[in-house]
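Grab a pencil and work through these exercises one by one. Try each task yourself before you read the solution.

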Amino acid sequence: MIDLYTWTTPNGRKASIMLEEVGLPYTAHAVDISKDEQFKPEFLKISPNNRIPAIVDRDNGYHLMESAAVLMYLAEKTGKLMPKDPDKRYRVIEWLMWQMGGPGPMLGQVHHFVKYNKGKAPYAEERYLKEAHRLYGVLDRRLAGREFVADEYSIADIAIWPWISRFEWQTIDMNQYANVKRWYETIAKRPAVQRGYDVPKKVGDIPKP
Ligand SMILES: N[C@@H](CCC(=O)N[C@@H](CS)C(=O)NCC(=O)O)C(=O)O
């Protein structure tokens, strides 16, 4: 049994989609970051960086923050969605780390400057929007002629997909990125993704490009 501490955001959804995909029993605990619940002392004990998602594995008491670490832990615990063969495994890790260093922080800045702070910081808007298009381009080229970012559907796809699902916030027209669109729609059809998207509560349907 896993305790998942999460909210209705891309990083939170990575963890809930993964838990739905691997079929581990879990309890979701809502940490409302709009009410600063991530700063509560009891949450800091399991997530010292005061960010969601975080998990506690009730089987062994182990707690973990940082979404990529959570995905790797759950993949290793269940033997699912991360290949054992070293070449294939590092391909998954490569794209997982690309997500953590690229789309995660950069698209996060787009949400701030382009959606929430529009017109107030033109330099930041231009910089992060340009970076968003660059990253969509990288993903689009990676997906040319391949179904998923690594060899098979994996934790790398699970890490990237929730960030792309915010394409409307990012003012991205996915029709410009045909391979991303095809990949996004394929993953959106997965029942586990649909269930995980609505954790810890439903706030709307999965956006359609
Ligand atoms: N690198 C972290 C980032 C986590 C993160 O930024 N989470 C956001 C929600 S998507 C959060 O908890 N924000 C709370 C805050 O900014 O105080 C991860 O991948 O888990």
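**Exercise 1: A pair of strands**

Task: Find the residue of β4 that stands opposite V56, then describe how the two strands are arranged.

Solution. Start at V56: the residue facing V56 is H63 in β4. Keep in mind that you're looking at a predicted model. Next, zoom out to the whole strands: β3 covers residues 54–57 and β4 covers residues 62–65, and they pair in the antiparallel sense over four bridges. Now look at what links them. β3 and β4 make a hairpin, with four residues between them. One residue in that turn is G61, whose phi is positive, about 75°.

**Exercise 2: Odd backbone angles**

Task: Which peptide bonds that lead into P53 and P200 are cis or trans, and what is the sign of phi at E66?

Solution. First, a rule of thumb: most residues other than glycine have a negative phi, and most peptide bonds are trans. Now check the bond between I52 and P53: it is cis, with omega about 5°. P53 sits in the loop between α2 (41–44) and β3. Then go to V199 and P200, where the peptide bond is also cis, with omega near 5°. You'll find P200 in the segment after α9 (191–197). Last, take E66: its phi is positive, near 70°, and E66 is not a glycine. E66 belongs to the loop between β4 and α3 (67–78).

**Exercise 3: Around the ligand**

Task: List the residues around the ligand, then pick out side chains that have an N or O atom 2.7 Å or 2.6 Å from a ligand atom.

Solution. Begin with the surroundings: T9, N11, I33, Q38, F39, R51, I52, P53, E66, S67 and M100. Now go through the polar atoms. The side chain of Q38 has an N or O atom 2.7 Å from an oxygen atom of the ligand. For E66, a polar side-chain atom lies 2.7 Å from a nitrogen atom of the ligand. The side chain of S67 places an N or O atom 2.6 Å from a ligand oxygen. To finish, look at the cover: on its own the ligand has 520 Å² of accessible area, and the protein covers 79% of that.

**Exercise 4: The largest pocket**

Task: What is the volume of the largest pocket, and which residues and elements line it?

Solution. Start with the space inside, which is about 950 Å³. Then count the lining: 31 residues, with T9, N11, I33, R51 and W163 nearest the centre. Next, look for elements that give two or more residues: these are α1 (10–22), α4 (86–101) and α5 (103–116). The largest share, seven residues, comes from α5. Finally, sort the lining by type: 12 residues are nonpolar, 15 polar and four charged.

Terms used
Residues are numbered from 1 along each chain as its sequence is written. This is a predicted model: local features need pLDDT of at least 70, side-chain atom pairs count only at pLDDT 80 or more; totals for chains, interfaces and linings use all residues. Side-chain values use heavy atoms; hydrogens and water are left out. On a 1 Å grid over the protein atoms alone, a cavity is a set of points where a 1.4 Å probe fits but cannot get out, and a pocket is an open set with protein on both sides within 12 Å along at least five of seven lines; lining residues have an atom within 4 Å of a point. Grid points are joined across faces, edges and corners, and a volume is the space filled by probe spheres set on the points. Ala, Val, Leu, Ile, Met, Phe, Trp, Tyr, Cys and Pro count as nonpolar, Asp, Glu, Lys and Arg as charged, and the others, Gly among them, as polar. Two strands pair if DSSP finds at least two bridges between them. A residue is near a molecule or strand if one of its heavy atoms lies within 4 Å of it. A polar contact is a pair of N or O atoms within 3.5 Å; within protein, one must be able to donate a hydrogen and the other to accept it, and residues adjacent in sequence count only if both atoms are side-chain atoms. Accessible areas come from the Shrake-Rupley method with a 1.4 Å probe; for residues, only the protein chains shown count as cover.
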